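Welcome, and please open the model in your viewer. We will go from stop to stop, with something to select at each one.

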Amino acid sequence: VTEFASSDEQRTIVEVVRRVAREAGRSGGAVLSELHARGLVDVEAAEPGADEAGIPIPLWTSLLYGIAFETGAAGEHAATLRLLRALSIWRTPASRDVRSRIADGEFIDVAFPQIGGRLVSGQLHDDGSLTCAGTLACLRSDGSASQIIVPVRAASAGGILMVVLDTGDPSISMGLHPGFGPHAATVDLILDGTRVPEARVLGYLDPDGSAGPGMEAFAACELAVCTELAAMTRAVLDRTVQFTKTRMQFGRPIAEFQAVQHELANMALLGEMALLSVLALARALEESDPAARSLVSVAKYACGEYATKIVEAAIQLHGGIGFTWEAGLQHYLVAVTEANRTLGSPTWHRRWLADSAVQAAPEAAAPQPLVVSSPQSRP
Amino acid sequence: VIALADYEKGLAVYLRRVVPGQWRRAPGTITTGDLLAFERTLYRTEWFGVWLPASVGGQGLGRRYQISFERELARAGVPDRVARVGQNLLLPTLLNFGTPSQVDAFAAPTISGTLLWCQGFSETEAGSDLAALRTQAKKVSGGFVVRGQKVWTSLAHLADFCFALVRTQPGTRKHGGISMLLIDMRSPGVEHRPIRQIDGRSEFAEVFFDDVFVPDDRILGPEGSGWSVAMATLQYERSSANFARQVRLTAELGRIARMLGRADLPGGLGELYLHRLGAAIAKARILELAAERIAWQESNEVPVGTLGAMTKLYWSEAHQEAAAFGAEVAHNVSYRDPATVADDQRYWDALYFSSRAETIYAGTSQIQRNIIARRGLGLPRGDGPAQ
């Protein structure tokens, strides 16, 4: 874990978070309120006009890393934690309100969009309010939140609007589905002409832009998801190395077999490469580096793709107890799958990288004029 | 001291002025003579070697500058440099282990590219199991007499000197009794024969030492400690020396992006190619991050650990994938100008075939995985040998 943190302070935070997460079970919310009570995290809204830098990135990523390492990040409140940085980028009254509610320990759930997937559509009115309709899949929690943050696609606005809804609103209904793996259930939200006043609009997520608060908010959420993925790859690798050193077959630990060693080496390699991409993204966002947007796609591609491979390899190396719930890998497989379905998938992100490369290629638009001095050239 | 951004900008401007346009369009047409002449001019400019220590004429600006240097060269279309073996492998080893008079004799001409080197490590019976090497160096008055054979020696036909691993203590086995000798390739008894490679070229050679006399002052590091000297060299080969190749990948993917940007592709092929390109770009960017990370660790005296092995493994596999991909695209696109198509096809075919060496040299992928597993993850020795 220490490889993640670049300072002693970060290392300490990761360790404290891991301990609290172990004690608090799998609930991200319990970790958050515990840390808040200890004064380690301050998510409260600053006074209007005051500096709203928000939760510092090293602190926040250490927090996310520690929880995901320990719990697989699948618990409720995980989504709320992912939104913390974006909330301080959106300097709206709705954002301030949400932050103070989170600080008071209120459970506010977030439905992140799968880019390119189904979204609630919103009609924007002259007074800035929205009328929303549609179905939104998959809240990970049990639907007990008092408020839910939902992505809305409004035709007249670029990017994805994030709005806060009261779950008690009569125009909102929920459909509960049996979950898979360790999830008891997933929740579909059905919005039927839900009216959202402007004061409940948090801000934009802009996956296509290269700059601006919408892009920064999007990048921050992706950083959170990638940090969790990197933490889970490390946790799963550590467990698997330990397991192979103790699991005896053919009279010796299976870690002695080169076939097993090379699989573990591949896992370590991919985990390290994913980690490098997350660290670079975190640094780019801290320094407002214009390279941040492309690093988002590099990191999400690498973290998503590699975390999946690593967890799958871990299950393979654990054998039967990897497939059953005995080794506890189910939490990680579900969490990695869920993280890959949050915001852009690894496939979406690699397509984005290719598009921007082709557009940036100097001779893309028209073939370069041929050089006269070349003997093969023609006009 | 020049800021990194200014250095990059200035170097890019210089290279735009001096690199022939033909190199970019048709890298297959570059001759070794042209490349070497270009290199020797480049090494005399202010742009080269600022990362080297002041004792050998550098400014000690650190590895970040070396990465930028390699990146700008790759962007400008300069191929793998002929002097790279000496500058990237021998030079750091020399500065680390050489006596003051060895540094005096060899550093400056290596830096200026007037003295070219080859690496005499592998033998027919000592590939991945390098410690099985058998070339003997018998102690005689004033020096050693070397007898044996090296194989798969890159650029032996151009090299003035060879840094070779030999057994200076008779009867020793494995890691003990090995020394590194700096052997003049023009000494009597040295012979090299080119080996035909899978890509049709003959950059590799067999090198024969038939009672070659090497004076005492040409031993690098203490006698019998050649194994640890060689491990340091391999560490450079897996880290710093790889920067050029890592940053080159990004430039090569730019070529694929250009092909796709101007190509007429049948059906949904373009879409499939874009997905492959995107994955390759992500890997190339991560390789640059790994190079920067290694540079940072080296400058801050944090051990590179297994990150060198990881980076070599990741790069070689990513680069082979990219080369195969580029070759496929080059043979499936059609643009208006057939000469451009032919140039692209030649370039990518050559790269695809030559890239097959990359998972073999400087420690095979299997050896890199052993290193990651045993040194990185602390896994026990079992049914395979350690490296």
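Which residues line the largest cavity? This is a predicted model, and a good way to begin is to select F48(B), W51(B), L52(B), Q66(B), R81(B), Q87(B), N88(B), L91(B) and I111(B), which together form that lining.

**Stop 1: the largest cavity**

With those side chains shown as sticks, look at the space they surround: the largest cavity holds about 60 Å³. Next, colour helix α5 of chain B, residues 84-97; this helix brings three residues, the largest share of the lining. Now try colouring the lining by class, and you should find five nonpolar residues, three polar ones and one charged. In total, the model has two cavities of 30 Å³ or more.

**Stop 2: where the chains touch**

Zoom out and give chain A and chain B separate colours. Select the residues in contact between the two: 46 belong to chain B and 44 to chain A. The size of an interface is often given as the accessible area lost when the parts come together. Here, chain B and chain A bury about 4,000 Å² between them, and carbon and sulfur atoms account for 66% of that.

**Stop 3: the salt bridge**

Select E271(B) and R351(A) next. These residues form a salt bridge, with 2.5 Å between the closest N and O atoms. The count of salt bridges between chain B and chain A is one. If you turn to polar contacts, there are eight residue pairs between the chains, both partners at pLDDT 80 or more.

**Stop 4: the chain B side**

Keep chain B in view and pick out its helices α8 (243-262), α9 (269-299), α10 (307-330), α11 (338-355) and α12 (365-376): each supplies at least two residues to the side that touches chain A. Which helix gives the most to that side? Highlight α9(B), which contributes 14 residues.

To finish, colour this side of chain B by class: 21 residues are nonpolar, ten are polar and 15 are charged.

Conventions: Residues are numbered from 1 along each chain as its sequence is written. Chains are lettered from A and ligands numbered from 1 in the order in which they are written. This is a predicted model: local features need pLDDT of at least 70, side-chain atom pairs count only at pLDDT 80 or more; totals for chains, interfaces and linings use all residues. Side-chain values use heavy atoms; hydrogens and water are left out. Contact means heavy atoms within 4.5 Å. Buried area is the accessible area (1.4 Å probe) that two parts lose on being put together, summed over both. A salt bridge is a side-chain nitrogen of Lys or Arg within 4 Å of a carboxyl oxygen of Asp or Glu. A polar contact is a pair of N or O atoms within 3.5 Å; within protein, one must be able to donate a hydrogen and the other to accept it, and residues adjacent in sequence count only if both atoms are side-chain atoms. Helices (H or I, at least four residues) and strands (E, at least two) are DSSP runs, numbered from the N terminus. Ala, Val, Leu, Ile, Met, Phe, Trp, Tyr, Cys and Pro count as nonpolar, Asp, Glu, Lys and Arg as charged, and the others, Gly among them, as polar. On a 1 Å grid over the protein atoms alone, a cavity is a set of points where a 1.4 Å probe fits but cannot get out, and a pocket is an open set with protein on both sides within 12 Å along at least five of seven lines; lining residues have an atom within 4 Å of a point. Grid points are joined across faces, edges and corners, and a volume is the space filled by probe spheres set on the points.
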